[in-house]
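Reader: I would like a close look at a single part of this model, with the surroundings filled in as needed. Please keep the account plain.

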Amino acid sequence: MLTFLGRRILSSAIPLLVVVLGVFFLARLTGDPANLYLPLSATQEMRDAFSAKHGFDDPLPAQFAEYLSQVARLDFGESLRTAQPAAEAVLRAFPATLQLAGITMLLAVAGAVVVGSLAARRPNSPADRIAGFLSSASASTPDFWFAIMGVLVFAVTLGWLPTSGTVGSAAWVLPVATLLIRPFGVLVQVVRGAMVTALSEPYIKVARAKGAGERRVLFRHALRNAGAPTLTVAGDLAVGLVNGAVVVETIFGWPGIGKLMIDSILQRDFAVLQAAVLLTSLTIFALNILIDICYALLDPRVRQGAMA
Amino acid sequence: MNRHGTPGTSGAESTALEVRGLSVELRTPGGPVPVVRDVGFSVGAGQTLALLGESGCGKSMTAQAVAGLLDPVAEVVGGQVLLGGRDVLRLGPRERRGLAGPELAMVFQDALTALNPVHTVGSQLAEPFRIHERASRGAARERAVELMERVGIPEPGLRFRSYPHQFSGGMRQRLLIAMAVALRPSVLLADEPTTALDVTVQAQIMELLAELRRETRMALVLITHDLAVVAEQADQVAVMYSGTVVESGPVAEVFAAPRHPYTRGLLDSVPAGHARGTVLPSIEGAPPRPTAVPAGCAFRTRCPLARERCATHEPPLSATGPGRASACHYWKELADA
């Protein structure tokens with residue numbers, strides 16, 4: 001198990017380096033921060049002094065080498081905008097995103113397991129057809145459209161929910177709902193498909209031959225076997241949620257890492273952007289390792305393969 | 001005439017399972033397709049009845065209908081399944097589940113896919129006790145270990161925590177049998193229990209089934225296409241063709257003097273008893289698809305005895321002697337030959 005984890009972590013290091021490299025150079029293509037932070041009337045000397053102060057006048061490879069050596073010392077630089085350490089800004093924003101994504105994923109998986117399992121019990125039954133229709137609609141609704149319509153209907157017209165912010169549980173409804181619709185729809189279909197497959201396996205008949213009731217058959221015998229495909233897709237969707245937070249956090253003014261990233265791109269706040277992307281990437285890699293561990297927990301055959 | 005004749009039980013034994021006029025249809029987009037037609041048989045306690053037939057003849061479907069394990073596309077459309085005198089087809093799902101295990105159990109063909117890959121064999125073996133006797137985890141575990149020992153799993157205390165993929169095919173089949181006989185059912189349906197196994201292992205599994213049958217005096221319904229297995233293991237045989245029983249009776253008598261041309265054809269196509277170098281006889285043609293069963297006698301298109309009456313009149317399964325029955329208009333010609 002340990003060598004398995006070690007191998008996973010090692011193989012994750014290379015893509016991580018590529019991400020860091022990409023973000024570093026792409027960010028610098030968005031423009032010169034001096035244009036934003038100095039008045040239009042600033043002289044060339046003032047601009048040069050600004051660049052020299054923040055090290056933007058060094059050749060790019062030298063800047064990158066300096067950046068890497070700083071990261072190795074866990075120094076992520078300072079925000080241009082606030083002069084605070086970038087790491088602090090990022091870590092302050094991160095919990096808001098994690099909470100949002102975590103609650104959404106929990107609701108999506110729990111809801112999809114229940115709806116998908118019930119739909120799979122009798123393929124092509126009315127319940128299955130209704131679940132199929134709703135999940136397709138849910139999976140194909142654009143989230144930004146849903147968010148804007150939600151704000152219009154529930155916040156502006158009806159006044160039931162706030163348009164933005166994080167104060168009170170009502171503020172969570174629209175952001176979570178917006179993030180939820182797509183993963184929920186997709187997961188219902190995945191769970192349904194995996195459950196239909198599992199329920200047609202001979203071991204289900206054996207369980208019934210032992211006198212197992214419907215609930216035992218569904219949740220003890222079939223569901224765990226339907227776990228692997230569900231987990232694969234849920235993992236993918238969870239990664240998407242961390243990324244998708246950008247849209248939702250911008251629309252709802254949610255003080256998370258997505259909003260922080262957008263703000264730091266608009267303000268050429270390279271240090272914060274780089275720190276935010278690095279943390280997001282690390283989260284995604286951690287998530288993937290977590291998923292691999294879950295596979296092993298679900299299926300003893302995977303566990304044995306991982307030990308070997 | 002005895003259309004719902006229930007040959008099989010020899011007089012002295014008490015009947016454990018009796019099936020009468022059982023019919024099953026598949027629901028297809030093109031309309032219902034009959035796959036089991038008016039099947040009847042019975043088995044006494046401690047006896048073995050073989051349901052013999054080719055793949056697709058409806059023998060597995062019959063067993064699953066009896067056990068209440070048909071897929072949703074298949075439906076029992078008629079008949080009775082009498083278990084201890086009670087028609088289980090008239091019971092509700094809850095009552096039926098109550099019988100699954102303590103009264104009626106089933107062993108399946110492919111033991112690899114019949115065991116749940118994500119649960120330990122121990123927990124799967126303990127399940128009957130947990131479900132039907134509400135046994136505690138510890139008590140169920142003890143019973144499961146005893147069962148593993150009984151069916152010949154070495155080191156059951158250790159192997160209890162193993163998963164199905166860590167066992168050989170023969171061991172998996174033993175586990176499956178252990179699970180089925182856990183609550184000492186009065187009837188055990190075994191659907192091709194040895195088909196997926198090596199020949200040497202096959203013999204061990206058949207021996208285990210025979211031992212358990214003697215020990216618990218359960219009635220065994222052995223579903224197979226293997227004539228040798230029938231000859232060695234069964235007391236009674238019901239030969240199925242195209243969804244229905246065409247001949248039945250005591251194995252020794254039926255094999256010695258078949259009274260249906262299909263049974264005769266099957267027995268003739270066994271290599272033993274034919275000289276080397278001669279062409280092995282076989283039954284011409286192939287069994288009809290369930291959607292295109294010939295009118296009259298289903299076997300007539302392949303039958304050497306067929307004549308006009310066979311196309312218009314379906315021969316009912318009728319008694320031809322004590323404990324024997326045949327569904328052929330001209331069985332006497334076979335008997336006389």
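Which residues are linked with B:Glu127 in a network of salt bridges?

Author: The model is predicted, and what follows should be read in that light. The network of salt bridges links B:Glu127 with A:Lys210, A:Arg216 and A:Arg220.

Start on the side of chain B. B:Glu127 is one of the buried residues of helix 4 of chain B. That helix covers residues 121–132, and nine of its 12 residues are buried, so helix 4 of chain B is largely enclosed by the rest of the structure. Besides B:Glu127, the buried set is made up of B:Val121, B:Gly122, B:Gln124, B:Leu125, B:Ala126, B:Pro128, B:Phe129 and B:Ile131. These buried residues pack against elements of both chains: helix 10 (214–222) of chain A, and helix 5 (137–150), helix 6 (156–159) and helix 7 (169–181) of chain B. Just after helix 4 of chain B comes B:Arg134, with a positive phi of about 50 degrees.

Side chains of opposite charge can pair when their charged atoms come close. The network around B:Glu127 is one case in this model, and a search of the whole structure finds 19 salt bridges over all chains. Another salt bridge joins A:Lys205 and B:Asp71, with the closest N and O atoms 3.2 Å apart. This pair also crosses between chains: A:Lys205 sits in helix 9 (residues 202–209) of chain A, and B:Asp71 in the loop between helix 1 (59–67) and strand 4 (74–83) of chain B. The two partners differ in cover. A:Lys205 has a relative accessible area of 15% and is buried, whereas B:Asp71, at 40%, is partly exposed.

Within chain A, the side chains of A:Arg192 and A:Asp128 form a salt bridge of 2.6 Å, N to O. The pair links distant parts of the chain, with A:Arg192 in helix 8 (residues 170–199) of chain A and A:Asp128 in helix 6 of chain A, 64 residues apart. A:Asp128 is buried at 5% relative accessible area, while A:Arg192 is partly exposed at 25%. Helix 6 of chain A spans residues 126–139 and also holds A:Ser138. A:Ser138 is buried, with a relative accessible area of 11%. Apart from neighbours within four places in sequence, A:Ser138 is in contact with A:Ile181, A:Arg182, A:Phe184 and A:Gly185. A further salt bridge joins the side chains of A:Arg301 and A:Asp299 at 2.9 Å, N to O. There A:Asp299 is buried at 16% relative accessibility, and A:Arg301 is partly exposed at 39%.

Now the two chains that supply the network. Chain A has 14 helices and zero strands. Its C-alpha atoms fill a box of roughly 85 × 60 × 30 Å along the principal axes. Of its 308 residues, 44% count as buried. For residues 94–291 of chain A, an unreviewed UniProt entry gives "domain: ABC transmembrane type-1"; this stretch is 82% helix and 0% strand. Chain A also carries a nonpolar surface patch of about 1,000 Å², whose residues include A:Phe144, A:Trp145, A:Leu152 and A:Val247. Helix 7 (residues 143–157) of chain A gives the most to that patch, with eight residues. A:Leu152 is in helix 7 of chain A and is partly exposed at 42% relative accessibility.

For chain B, an unreviewed UniProt entry lists residues 19–267 as "domain: ABC transporter". Over that stretch the chain is 41% helix and 28% strand. Strand 3 (residues 48–52) of chain B is one of the strands: five of its five residues are buried, so it is largely enclosed by the rest of the structure. B:Thr48, B:Ala50 and B:Leu52 point one way from strand 3 of chain B, and B:Leu49 and B:Leu51 the other way. Strand 3 of chain B runs parallel to strand 8 (residues 219–224) of chain B, joined by five bridges, with B:Leu52 partnered by B:Thr224. Strand 3 of chain B also pairs in the parallel sense with strand 9 (residues 236–241) of chain B over four bridges, where the partner of B:Leu49 is B:Gln236.

To return to the part you asked about: B:Glu127 is buried in helix 4 of chain B and shares its salt-bridge network with A:Lys210, A:Arg216 and A:Arg220.

Definitions and conventions
Residues numbered from 1 in each chain as written. Chains lettered and ligands numbered in written order. Predicted model: local features only at pLDDT ≥ 70, side-chain atom pairs only at ≥ 80, totals over all residues. Heavy atoms only, no water. Patch = residues over 30% accessible without salt bridge, like charges linked within 9 Å, V, L, I, M, F, W, Y side chains within 5 Å. Areas by Shrake-Rupley, 256 points an atom, 1.4 Å probe, with all protein chains shown as cover. Salt bridge = Lys/Arg side-chain N within 4 Å of Asp/Glu carboxyl O. Helix = DSSP H or I, 4+ residues; strand = E, 2+ residues; numbered from the N terminus. Buried < 20%, exposed > 50% of the residue type's maximum accessible area, 1.4 Å probe, protein only. UniProt positions renumbered as here; feature names shortened; annotations may be inferred. Pairing = 2+ DSSP bridges. Contact = heavy atoms within 4.5 Å.
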